[in-house]
Amino acid sequence: MPELPEVEVVRAGLAPVATGARVDRVVVLEPRSLRRHAGPPEDFVARLTGAAFDEPQRRGKFMWLPLSGDDAALVVHLGMSGQVLLRERDAPIDRLTRITIDVTHPQQRPLRIDFVDQRIFGSMAIDELVPASDQPGQSIPSQVAHIARDPMDPLFDDRRFLAALARKDTTIKRALLDQTLVSGIGNIYADEALWAARVHYDQPTRSLSRPRALTLLAEVRLVLGKALAEGGTSFDYQYVNVNGNSGYFSQSLNAYGQTGLPCPRCGRPIVRESFMNRGSHFCAFCQRIRAVRV
Ligand SMILES: [Zn+2]
């Protein structure tokens with residue numbers, strides 16, 4: 001599943017090709033890939049054709065390409081299996097391609113942007129831009145407006161996040177996965193950061209001590225930063241690829257998916273428990289639920 005680093009790789013890879021490019025032609029091969037678009041496929045095609053893109057933006061796992069001179073943007077949700085591929089215009093169209101967008105950039109040769117999505121949980125949509133509540137003068141697609149900034153964002157507010165943790169009646173992993181509190185952290189990064197910070201996934205956020213919360217936030221940044229660095233090196237100009245088995249899977253994982261293997265810190269086996277229809281991987285010795293803080 002694409003997480004923040006993968007989406008950032010796509011955003012950064014698209015930026016030089018898409019910024020200032022004009023859309024020549026749009027083909028919708030799979031109408032279900034437009035489920036988040038308010039109108040019919042014809043409306044999507046009509047609004048996009050002839051439009052020009054401003055620089056691609058990202059918040060958490062959501063990416064959008066603002067339409068120049070319009071209060072709207074092309075919003076790209078990668079879902080579980082979405083990919084954005086840059087192709088030559090005459091390249092064969094993969095059978096899992098759902099939408100193709102031919103673009104011409106003033107300084108580049110004509111290219112084709114392919115939205116490829118095996119499971120069709122991802123989507124493209126034209127969405128209206130609304131004022132961003134946390135940054136005056138900036139706008140954001142209405143579909144993304146409820147998404148919090150990610151911890152790598154220079155405008156992420158640490159104090160506000162820590163205050164929200166202390167206030168909310170929830171547990172820490174739920175909070176890390178809550179995109180309205182903090183974005184960009186998926187199951188893998190949550191498990192890895194919790195392991196590194198020695199925090200149990202079900203620790204109530206109200207009882208998480210401030211030093212431990214700060215350690216956890218620092219570990220979240222470390223694991224995201226490592227994955228961003230890896231993703232960045234795998235980027236190929238001609239082939240912007242979001243692929244579930246690239247990037248973070250190549251780095252060594254300490255807890256996620258390590259069920260039964262020794263904890264790299266204490267040697268006891270990593271265990272997996274069901275959590276929100278998925279799993280939580282952790283060391284039951286290093287990561288114990290701690291008593292309410294005093
Ligand atoms: Zn351990």
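This is a short walk through some strands and a charged surface patch in the structure above. Keep in mind as you look that the model is predicted.

Let's begin with the strands. Find β4, which covers residues 72-77, and then β8, which covers residues 123-131. These two strands pair in the antiparallel sense, and six bridges join them. To see one of these pairings for yourself, look for L74: its bridge partner in β8 is I126.

Now stay with β8 and look for another partner. Strand β9, made of residues 139-141, also pairs with β8 in the antiparallel sense, here over three bridges. Within this pairing, L129 stands opposite P141 of β9. So β8 has pairings with both β4 and β9. As you trace the strands, it helps to know that side chains in a regular strand alternate between the two faces of the sheet.

Next, let's turn to the surface. Which residues form a positive surface patch? They are R198, R268, R288 and R290. Two of them are worth finding along the chain. R198 sits in the loop that links α5 (187-197) with α6 (210-233), while R290 belongs to the segment that follows β11 (278-282).

Are these two arginines buried or exposed? R198 has a relative accessible area of 40%, so it counts as partly exposed. R290 has a relative accessible area of 33% and is partly exposed too. A residue needs over 30% to be part of such a patch, and the values for R198 and R290 meet that cut-off.

Finally, for a sense of distance, compare R198 with I113: they are 85 residues apart along the chain, and their C-alpha atoms are separated by 43 Å.

Technical notes
Residues are numbered from 1 along each chain as its sequence is written. This is a predicted model: local features need pLDDT of at least 70, side-chain atom pairs count only at pLDDT 80 or more; totals for chains, interfaces and linings use all residues. Side-chain values use heavy atoms; hydrogens and water are left out. Patches are made of residues with over 30% relative accessible area and no salt bridge: like charges are joined within 9 Å, nonpolar side chains (Val, Leu, Ile, Met, Phe, Trp, Tyr) within 5 Å. Accessible areas come from the Shrake-Rupley method with a 1.4 Å probe; for residues, only the protein chains shown count as cover. A salt bridge is a side-chain nitrogen of Lys or Arg within 4 Å of a carboxyl oxygen of Asp or Glu. Lys and Arg count as positive and Asp and Glu as negative; His and the chain ends are not counted. The place of a charge is taken as NZ of Lys, CZ of Arg, CG of Asp or CD of Glu. Helices (H or I, at least four residues) and strands (E, at least two) are DSSP runs, numbered from the N terminus. Buried means under 20% relative accessible area, exposed over 50%, partly exposed in between (1.4 Å probe, protein chains only). Two strands pair if DSSP finds at least two bridges between them.
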